[in-house]
Amino acid sequence: MMLDVRSLDLHYGAAQALRSVSMKAEIGKVTCLVGRNGVGKSSLLRAIVGLKPVSGGSIGWDGADVTKMAPADRARRGIAYVPQGREIFPLLTVRENLLTGYAPLPRSQRSIPDEVFELFPVLKSMLERRGGDLSGGQQQQLAIGRALVTRPRLLVLDEPTEGIQPSIIKDIGRAISYLRDKGTMAILLVEQYFDFARDLADDWVVMERGEVMLSGPRSDLDEQEVRKYLTV
Amino acid sequence: QDTIKVGILHSLSGTMAISETTLKDVMLMLIDEQNKKGGLLGKKLEPVVVDPASNWPLFAEKARELISKDKVSAVFGCWTSVSRKSVLPVFEELNNILFYPVQYEGEESSRNVFYTGAAPNQQAIPAVDYLMQKEKVQRWVLAGTDYVYPRTTNKILEAYLKSKGVKPEDIMINYTPFGHSDWQSIVADIKKFGSGGKKTAVVSTINGDANVPFYKELGNQGVKAEDIPVVAFSVGEEELAGIDTKPLLGHLAAWNYFQSVETPSNSDFIKAWKAYTKNDKRVTNDPMEAHYIGFNMWVKAVEAAGTTEPDKVIDAMIGVAVPNLTGGYSAMLPNHHITKPVLIGEVQENGQFDVVSKTSGLVPGDEWSDYLPDSKDLIADWRKPMSCGNFNVKTGKCGGKGS
Amino acid sequence: MSTESTLLYLDGVSVSFDGFKALNSLSLVMMPGEMRAIIGPNGAGKTTMMDVITGKTRPDTGTILFEGQTDLTRLREAAIANLGIGRKFQRPTVFEPHTVWDNLDLALKAPRRPLKTLTYAISRDDRARIEEILDVTRLSALRGRQAGSLSHGQKQWLEIGMLLAQDPKLLLVDEPVAGMTDAETEQTAELLCSIAGKHSVIVVEHDMSFVRALGVKVTVLAEGSVLAEGSLDAVSANQQVIDTYLGR
Amino acid sequence: MLLRFFLMGLDRKAGIVLTILAFLAVAVPVMTLWVPADSPFHLSVFTVSLLGKYLCFALLALALDLVWGYCGILSLGHAAFFTLGGYAMGMYLMRQIGPRGVYGNPELPDFMVFLNWTELPWYWWGFDQFWFAALMVLAVPGALAFAFGWFAFRSRVTGVYLSIITQALTFALLLAFFRNDMGFGGNNGLTDFKDILGYDIQADTTRVALFVATVAALALSYMIASGVIASKLGKVLVALRDAESRVRFMGYDTESYKLFAWTLSACMAGVAGALYVPQVGIINPSEFAPASSIEAVIWVAVGGRGTLAGGILGAVLVNMGKSYFTGALPELWLFALGGLFVAVTLFLPKGLLGLWGQLTAKLPRRNKTAALPNAQTANQTAGQKGA
Amino acid sequence: MRRALRWLMALCVVVATSTAAYAADLRPLVQALGSGGYSGTEKALAQLSEAGDPAAVPVIEALQAGDLFVRKADGTVVIARRAGDAYTLTDPLTRAALGDAPAAAVEKIRINNALRRAINASLGALTLMSPDAGVRRSAADAVFKSRDAQALETLNAAIAKEQDKSVRAAMEQARAAILLTSEAASMMTDAEIQAATDTLTARGDRDALVLLNMVAGSGASDITKRSAAAAVSTLEQKLAFWAALQNLWYGLSLGSVLLLAAIGLAVTFGVMGVINMAHGEMVMIGAYTTFLVQELFRAYAPGLFDLSILVALPAAFLVSGGVGIVIERSVIRWLYGRPLETLLATWGLSLVLQQAVRSIFGPTNREVGAPSWMSGAFELGGLTITYGRLWIVIFAFAVFAALLVALKRTWFGLSIRAVTQNRPMANAMGIRTARVDALTFGLGSGIAGLAGVALSQIDNVSPNLGQGYIIDSFMVVVFGGVGNLWGTLVGALTLGSINKFLEPYAGAVLGKILVLIFIILFIQRRPRGLFALKGRAVEA
Ligand SMILES: Nc1ncnc2c1ncn2[C@@H]1O[C@H](COP(=O)(O)OP(=O)(O)OP(=O)(O)O)[C@@H](O)[C@H]1O
Ligand SMILES: Nc1ncnc2c1ncn2[C@@H]1O[C@H](COP(=O)(O)OP(=O)(O)OP(=O)(O)O)[C@@H](O)[C@H]1O
Ligand SMILES: CC(C)C[C@H](N)C(=O)O
Ligand SMILES: [Mg+2]
Ligand SMILES: [Mg+2]
């Protein structure tokens with residue numbers, strides 16, 4: 001059971017953003033995807049959740065080929081996405097934003113897991129405020145919370161710590177390891193904040209100019225090697 | 001050239017399509033019938049249909065197209081006055097013939113236009129006379145759509161009523177926008193005005209789409225014809241076809257033709273029309289008759305002139321008389337208007353009108369109203385040598401009041 | 001301290017949204033040439049403070065003076081900007097249909113009135129200035145690219161570049177390094193330090209290493225007012241700051 | 001300076017447009033007046049008037065594209081400016097009739113006479129002078145646009161709200177001009193014109209001259225518009241189209257920018273209306289109808305929004321189609337036209353000119369951006385939120 | 001002179017009572033109805049009612065209903081009822097069957113408005129004694145209207161006998177009306193006049209006011225005049241109050257019409273952001289569906305016609321909604337994120353739909369009938385409320401409430417809002433956006449169809465129907481604030497009321513212009529409509 005991306009190509013118009021990208025993410029592990037600005041990390045994530053059609057290659061998840069599947073159907077197969085730029089529903093209240101996470105769930109499972117409010121107590125106090133009115137960091141917390149409501153088995157996080165206060169970053173870190181340790185989900189994390197990523201990563205994927213330069217478990221990779229791809 | 005082309009210039013789309021499409025159909029039918037009779041001057045008639053789409057400048061463009069591109073010999077068309085005004089310069093410039101089949105406000109006479117619809121004196125004034133004499137009406141509501149035809153007609157009527165001794169406070173004038181659909185307060189006002197103790201009637205120059213909601217509201221608020229009769233100048237069989245007429249029993253309309261008139265020629269016409277449209281429910285109305293008359297006049301004039309050349313036909317038109325559908329002969333007058341009987345009808349439950357009054361003779365169309373100060377001295381006479389549309393009898397000159 | 005010599009003077013500024021106090025009698029003073037870092041929990045009111053200064057949000061109460069005399073609460077956004085207050089938004093906002101170059105060209109300090117821009121022709125100096133900024137922000141290769149097609153981080157850089165081009169007296173920089181790599185973070189810190197002195201800068205950031213690299217006075221906001229002020233080390237030792245912000 | 005301004009806007013597209021217009025300005029008079037009527041190259045006066053009308057619409061579309069395509073103001077009331085310009089011209093033409101009206105009143109137009117007006121209302125004063133009327137053609141739409149825009153932009157009315165109040169504006173004018181009391185001929189409008197500047201309005205030469213004037217006006221407007229677009233002001237306009245508040249935070253007073261473009265556009269529309277009236281021979285309130293404004297928007301969309309030339313192309317093609325189909329398929333033409341609109345949106349999202357752009361984008365370009373590495377026109381991601 | 005009159009009146013009464021004795025001899029009078037054209041009929045009718053014999057009532061009723069004919073063969077007046085191609089004849093007085101006659105053998109006795117009035121008056125006088133209270137009541141009303149002095153005696157007799165309070169009041173009012181207007185007024189004592197005045201004041205409507213005004217201006221004594229004048233002024237005040245309320249009602253009912261027209265647009269445009277120019281055509285389709293449903297009822301179940309509207313509602317919802325879904329799936333769905341292009345495409349669609357309806361149903365108006373429970377009016381205090389409008393108000397509010405619940409309280413509503421706010425993200429959350437989009441557009445269109453059912457009751461059912469409402473609908477939605485249902489509600493009601501408030505002062509045309517100017521100015525004050533959403537959420 002895992003995410004299996006094979007030689008993915010992706011274009012914006014004539015410009016190629018991904019070139020034959022292959023990578024894996026396993027249940028019970030945090031896979032960390034890093035690279036400089038504009039190397040195609042977000043593009044890869046968008047391709048995985050289905051928001052951007054690919055021009056070549058395949059995406060396998062849970063033993064099935066999801067390359068052509070609509071995002072909603074992927075969500076129903078347990079893929080949840082925390083996008084860069086938060087993308088919360090601005091006019092829905094915080095509660096309603098969380099409720100949208102019910103979409104892929106059968107009726108019986110429709111409840112908000114406790115861990116959401118444990119992790120982000122501020123959300124609880126602002127349930128009736130409109131999502132768009134929240135501060136940047138609060139929105140980021142909401143975006144993560146919303147993804148957790150779907151009880152994902154693949155959690156795709158695009159720079160989740162962006163704009164979040166240090167104490168909560170630590171909480172998020174703890175939460176991610178907790179979720180990993182539950183052993184029910186694969187976590188794919190894009191992160192610029194290297195220290196944060198380093199603490200969590202089980203596997204690394206390093207990208208440059210739309211290509212995967214390095215990948216492998218933490219034990220196999222030298223940290224300096226990875227850092228090399230992040231300096232200017 | 002082995003056919004004679006006849007232009008048909010009626011809106012088939014847009015707001016006026018609702019009224020004008022029928023006229024296109026009736027023209028096609030008349031041409032068809034004429035062709036069955038062997039055509040004209042030994043040639044077949046060929047209709048050329050265009051759609052000016054209720055867009056007035058497009059009327060002018062299409063008129064030009066019909067005349068200069070399609071080379072038609074005459075055009076039957078227009079409904080609203082503004083469309084006629086729009087094409088008028090084109091017809092004068094290119095010297096062709098237009099037959100205009102709808103009642104209008106008058107104040108116009110062009111050498112190139114033949115007005116087969118009613119002038120105000122062939123509709124409005126007789127209607128008011130009827131109400132005054134038969135219904136003993138003393139108070140008047142003049143309700144109209146806010147534009148030229150109602151305004152002019154009402155101006156004429158106001159002058160006429162005052163000349164008959166009606167006091168200004170017994171006249172209420174009300175204008176509404178095109179397509180007005182909420183008549184609640186106006187109908188209530190009419191009721192109020194009518195409860196003043198004097199017999200009241202409404203003279204309606206409300207036009208187009210606004211009529212149906214108006215009548216529906218009259219029905220709902222229970223304005224009965226026995227109490228406050230409404231006489232309309234633009235509501236005919238076609239318009240009534242869209243309304244449940246039971247509550248409107250007895251309201252009036254003034255026209256020169258009603259479908260219910262029982263004459264042999266009319267029942268033939270109705271039969272032909274129903275057969276032509278393959279629809280037993282289609283009704284006939286006054287502008288259709290106007291086209292019927294106009295077309296027959298044109299045919300006769302062309303036969304007399306022996307050519308379709310406009311100048312000759314225009315000259316030959318004057319004095320031509322053809323039977324109308326209400327049992328008389330209508331004749332083309334020198335002012336390019338025709339003689340018509342004026343009928344007043346009451347709305348029946350079946351959506352038809354019951355004729356309750358008919359002028360004893362035919363009324364000649366008066367292009368320049370006698371009730372407007374600047375036009376009462378004008379006459380039109382297109383016979384040579386006068387050949388003038390606005391001859392001033394006071395100054396004895398052609399060209400209005402000046403020069 | 002007289003208000004005259006201050007560059008920015010906020011006193012007792014409060015803003016509330018449907019009863020929720022986003023700023024609660026906030027007071028803050030900036031001297032010309034000063035750089036200040038502002039930190040504080042999510043929702044503390046940092047962005048709102050910038051909104052208030054730039055005229056996006058009108059305060060309910062309080063005074064905001066620029067250069068000791070101009071009352072900012074009465075001015076419209078454009079007028080405030082023309083006084084010399086530039087801003088980088090938390091969410092990068094650039095002119096997507098324009099090229100990177102045009103974005104900078106538009107930001108460049110130059111007359112802002114319509115008739116002036118109608119007849120404007122770019123000068124050699126301006127050209128050089130844009131080149132320089134492209135260099136600094138490492139966008140030279142992307143100058144012809146439509147800004148809309150940049151990645152998130154690239155947009156951040158472009159927006160910083162636009163701020164530089166604008167050459168304001170006071171720069172309000174909201175989370176400049178979000179989404180940047182650590183190396184870039186360092187660079188940004190250097191960049192900001194280099195322009196401080198000539199300019200005044202207010203930086204909002206959650207990245208402590210970045211704040212440390214700036215090495216300036218830090219103001220901690222919490223619940224709409226100042227919680228602590230001082231050097232980074234001093235405020236990080238403050239128990240309240242640790243509890244509400246830094247965490248353990 | 002003026003020259004530089006015009007030159008600034010001269011790119012390849014402008015070259016093509018201006019060449020075509022110049023060709024029309026020369027060829028059409030020759031083909032109508034001098035080529036014998038039986039030659040296949042002869043153009044009838046009817047066609048000339050028709051073309052003239054299309055070009056008036058093209059000018060309106062150009063004006064609209066300036067505000068819609070470049071500042072994002074979707075005006076659903078541009079026909080108001082067009083019509084006002086038309087009325088100003090119509091009033092001049094009306095006064096030129098003089099005593100030749102049906103009532104022979106040298107002062108009053110006919111419609112005033114039969115409604116018993118006794119003197120010319122003040123707002124008709126001066127319209128017997130061409131220069132005054134010409135001034136009003138610019139001033140009336142311009143002033144209305146300025147006043148309207150001044151309030152609306154200052155109050156930050158944007159998007160659909162702005163669109164709808166422009167529609168309310170034109171609708172209110174429609175109703176007002178319908179009223180006979182307004183003194184503009186009510187529903188029938190102004191018509192039966194005789195001559196313009198002393199020349200018979202129906203004469204072939206006058207018609208051709210009017211056509212040439214229209215071409216000239218269009219060419220001049222095109223040059224002004226593309227000059228504006230190419231200037232830095234134009235860039236500010238485009239920038240504020242999508243991110244107005246950002247532009248404001250940069251110190252640009254966006255209101256005056258919008259006001260400038262808006263008023264300029266209204267004046268262009270007024271000129272278009274003024275040229276339209278003598279060529280079609282009538283001006284009446286139905287031109288104010290909201291549908292006419294929407295139609296103008298549609299020409300721009302069909303041709304390609306934000307391209308200037310697209311508006312011109314769209315206006316000419318759609319109206320040619322309308323002229324043709326209303327004659328050829330009188331009962332079905334709405335299906336054809338409606339279907340065309342749907343098809344254009346579905347298959348040519350950037351309009352007809354966008355199609356051209358799409359084709360040429362594939363080829364290497366030779367203008368200034370081509371020198372830069374990485375230059376490419378980016379397509380928005382299909383899923384991304386649009387403007 | 002006066003004395004002579006009184007004498008004459010007395011004589012009349014005598015004659016009236018004495019003729020009753022010769023009731024059996026109505027035949028010649030009935031026979032006379034059939035000759036002499038309108039005036040002949042009128043004369044005969046006058047004599048018939050003068051005879052005062054209730055036996056004439058069925059004859060007169062037949063005349064009113066258009067059932068009275070003349071048999072051409074012998075000139076006999078008969079009642080004829082259509083039976084297939086022929087008529088079944090009966091004797092109007094004896095009710096004896098007279099066999100059948102072909103249509104050509106009989107000729108209808110035609111009536112005009114003058115005759116109709118006379119018929120009402122005489123039926124009123126003749127039925128005052130009817131055993132049915134309802135009939136007596138309308139008889140009293142008819143007499144009140146006709147103020148026929150001849151009825152006075154019967155009226156007196158009827159009042160004396162009358163048990164039913166309200167009927168008696170009506171009769172007394174009728175009597176007062178006759179007394180005050182007839183010549184007799186001058187012979188009445190002040191007390192009598194006062195009593196009559198009081199009766200009328202109690203009636204308290206405009207008719208009473210007119211009568212009282214007559215008294216106040218008449219030659220009666222000063223006291224009566226003064227008391228009448230006082231009554232007039234209290235009545236006028238009362239009426240002014242009711243008139244204001246009435247105006248409010250008009251505003252409300254116009255507002256409801258606007259609300260109905262706009263509410264579907266509040267979904268397709270307000271919520272989904274599609275500039276839906278074909279909205280009006282969805283309304284039109286709803287109206288034509290009503291027409292079709294009614295045609296079916298007319299053809300197959302004319303007896304159940306009153307239910308046709310109830311069947312038309314779901315039908316119109318489904319038809320318009322279905323068309324909406326087809327449009328969404330085939331066109332709109334390609335245009336999300338390009339709202340301006342939806343304008344172009346939907347405009348094209350609206351042209352196509354209009355022309356399609358024109359080709360199928362013809363360009364002319366179609367008749368949509370009102371069920372009996374939607375026609376006519378009733379009085380509520382001094383208000384006249386038409387049933388049609390009342391139902392439309394109720395219906396508009398019901399639709400509004402239902403939609404509000406659907407959008408705010410259901411999962412479907414939440415998905416709609418999520419999808420329209422951020423389509424890709426909603427999709428990534430697992431919401432099937434395509435389905436939601438189609439259903440939402442279908443919902444908006446379906447509601448427009450419902451509006452069409454209601455509008456078919458008050459407006460033209462023609463291909464242009466939709467065009468008439470599209471602009472108003474956009475105004476309402478925008479005025480209220482795009483995306484806010486409450487805004488649409490309040491916006492519609494406000495615009496309706498303002499319109500109706502202005503109409504009496506400015507006239508309908510200027511009123512409408514002023515409303516438009518008001519909208520323009522209002523938007524300056526509130527650039528995002530009445531119920532503007534505020535805060536970052538909107539700007540983001
Ligand atoms: N909508 C778009 N249109 C065109 N090009 C795009 C678009 N989005 C991204 N790109 C380009 O694709 C490349 C990869 O972008 P992507 O957003 O995947 O980068 P990233 O690795 O996530 O960067 P960052 O760390 O800055 O978020 C970049 O060069 C970017 O300019
Ligand atoms: N329009 C609004 N309506 C309601 N609450 C609002 C509104 N705007 C801001 N807020 C609230 O005001 C508070 C301050 O927001 P602000 O954006 O200033 O925080 P911040 O300090 O910038 O936080 P962050 O570090 O997360 O960006 C937040 O709690 C936010 O939810
Ligand atoms: C009364 C209408 C049916 C026609 C009239 N001639 C008009 O001006 O529109
Ligand atoms: Mg990214
Ligand atoms: Mg912030």
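**The chain E and chain D interface, and a magnesium site**

Across the interface of chain E and chain D there are 0 salt bridges (Lys or Arg side-chain nitrogen within 4 Å of an Asp or Glu carboxyl oxygen). This is a predicted model, in which local features need pLDDT of at least 70, side-chain atom pairs count only at pLDDT 80 or more, and totals for chains, interfaces and linings use all residues. Residues are numbered from 1 along each chain as its sequence is written, chains are lettered from A and ligands numbered from 1 in the order written, and side-chain values use heavy atoms, without hydrogens and water.

Polar contacts do cross the interface of chain E and chain D: 5 residue pairs, both at pLDDT 80 or more (N or O atoms within 3.5 Å; within protein, one able to donate a hydrogen and the other to accept it, with sequence neighbours counted only if both atoms are side-chain atoms). On chain E, the elements giving two or more residues to this side are α14 (339-361), α19 (465-480) and α20 (485-525). Of these, α14(E) gives the most, 15 residues.

Chain E and chain D bury about 3,800 Å² between them, 78% of it on carbon and sulfur atoms (accessible area, 1.4 Å probe, lost on being put together, summed over both). E:Leu344, E:Trp347 and E:Gln524 supply 17% of the area that chain E buries here, more than any other three residues.

Now chain A. The magnesium ion (ligand 4) has protein donors A:Ser42 (OG) and A:Gln84 (OE1), 1.9 to 2.1 Å away (donors are N, O and S atoms within 2.8 Å of the metal, or 3.2 Å for Na, K and Ca). A:Ser42 lies in helix α1 (residues 41-49) of chain A and A:Gln84 in the loop between β6 (79-82) and α3 (94-99), so the pair ties together parts 42 residues apart in sequence (helices are DSSP runs of H or I, at least four residues; strands of E, at least two). Both A:Ser42 and A:Gln84 are buried (under 20% relative accessible area, 1.4 Å probe, protein chains only).

Technical notes
Buried < 20%, exposed > 50% of the residue type's maximum accessible area, 1.4 Å probe, protein only. Buried area = accessible area lost by both parts, 1.4 Å probe.
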